[in-house]
Amino acid sequence: LNLINDVLDMSKIEAGKVSLVKNEFNLSELINNLLAMFQAQIKEHEHELQVHIHHIQHENVIGDSLRLQQVFVNIMSNAIKYTPNGGKIQISVTEMQEGYSDKVGAYEFIFEDNGLGMSEAFLGKLFEPFSRVEDERIHKIQGTGLGMAITKNIIEMMNGEIHVESKLGVGSKFIVTIFLEFQNEVEL
C-alpha cells in the first residue's frame, strides 16, 4: 500500500496535479503529532530523541500542514530506519529572525541522526525517484526509494529548500527551510 501511495504521489507531482492547500495550524501541535506517530518505533529501537525549539515567535501559521507533515514523516521515518538501535535522533525547529516580512516567517527544521549515513556518491542521487543505497546492511529495510523525491518536490512547491549533509558511518542531517504565513493573532 505504501508503494502504491508513493508511486501515485510521485505521478501526480510529475504531472503537476498536486496543489497545496492553505490551512491554519499550530507548529507545536504538528511536531507533537509527528512525535506521537513515531513514539512506538523510537521506543522499540531504543533511540534517544531530543527536540529543540528555538526563537519561535509565531507558532500559529498558515500553510499545507498535511504536506508538511508528509515531508517530516518521510525524513523521520528514514532517520529511525537507518539509525541502529540505541542511536540518537535530534529535531530542531527555529524561526529565522531577520529579513522576512511581518506576515511571513522563515522556519528551519533540522533532523539529525548518528545512523548509517550516506556516501558522497549516493548524496548526488538521493532525490532521484527509486534511489536506494546498494548496501547489505539495508537490504532488509523496507522502502520504495520515492520518499525523498516526493519530499524534495513538496518542499520546492512550498518555495522552500532542503539540504542534506551526511557521512558514511557517521550519520545524516536534513535541513528544511520553508516559509509560512502568520495567522492574524487578535490581541486581548
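This note covers helix α2 and the second largest pocket of a predicted model.

1. Length of α2. The helix runs over residues 27–44, which makes 18 residues. At 1.5 Å a residue, a span of 26 Å is expected. The end C-alpha atoms are 26 Å apart, so expectation and model agree.

2. Kink. Helix α2 is not straight throughout: a kink of about 50° is centred on F38. F38 is also one of the buried residues of α2.

3. Buried positions. Alongside F38, the buried residues of α2 include L27, L30 and I31. L34, L35 and I42 are buried as well.

4. Ends of α2. At the N-terminal end, N26 acts as the cap. A side-chain oxygen of N26 lies 2.8 Å from the backbone nitrogen of S28. At the other side, just after the helix, E46 has a positive phi of about 55°.

5. Pocket volume and centre. The second largest pocket has a volume of about 230 Å³. Its lining counts 13 residues. Nearest the centre lie L20, K22, G63, M158 and F179.

6. Who supplies the lining. Two elements give two or more residues each: β3 (60–63) and β7 (171–182). Strand β7 contributes the most, with three residues.

7. Character of the lining. Eight of the lining residues are nonpolar. Three are charged and two are polar.

Note on methods: Residues numbered from 1 in each chain as written. Predicted model: local features only at pLDDT ≥ 70, side-chain atom pairs only at ≥ 80, totals over all residues. Heavy atoms only, no water. 1 Å grid on protein atoms, 1.4 Å probe; cavity = no way out; pocket = protein on both sides within 12 Å on 5 of 7 lines; lining within 4 Å. Points joined across faces, edges and corners; volume = space filled by probe spheres on them. Helix = DSSP H or I, 4+ residues; strand = E, 2+ residues; numbered from the N terminus. Nonpolar A, V, L, I, M, F, W, Y, C, P; charged D, E, K, R; others polar. Expected span 1.5 Å × (residues − 1). Bend = angle between axes of the 7 residues up to and from the residue. Buried < 20%, exposed > 50% of the residue type's maximum accessible area, 1.4 Å probe, protein only. Polar contact = N/O pair within 3.5 Å; in protein donor to acceptor, adjacent residues only side chain to side chain.
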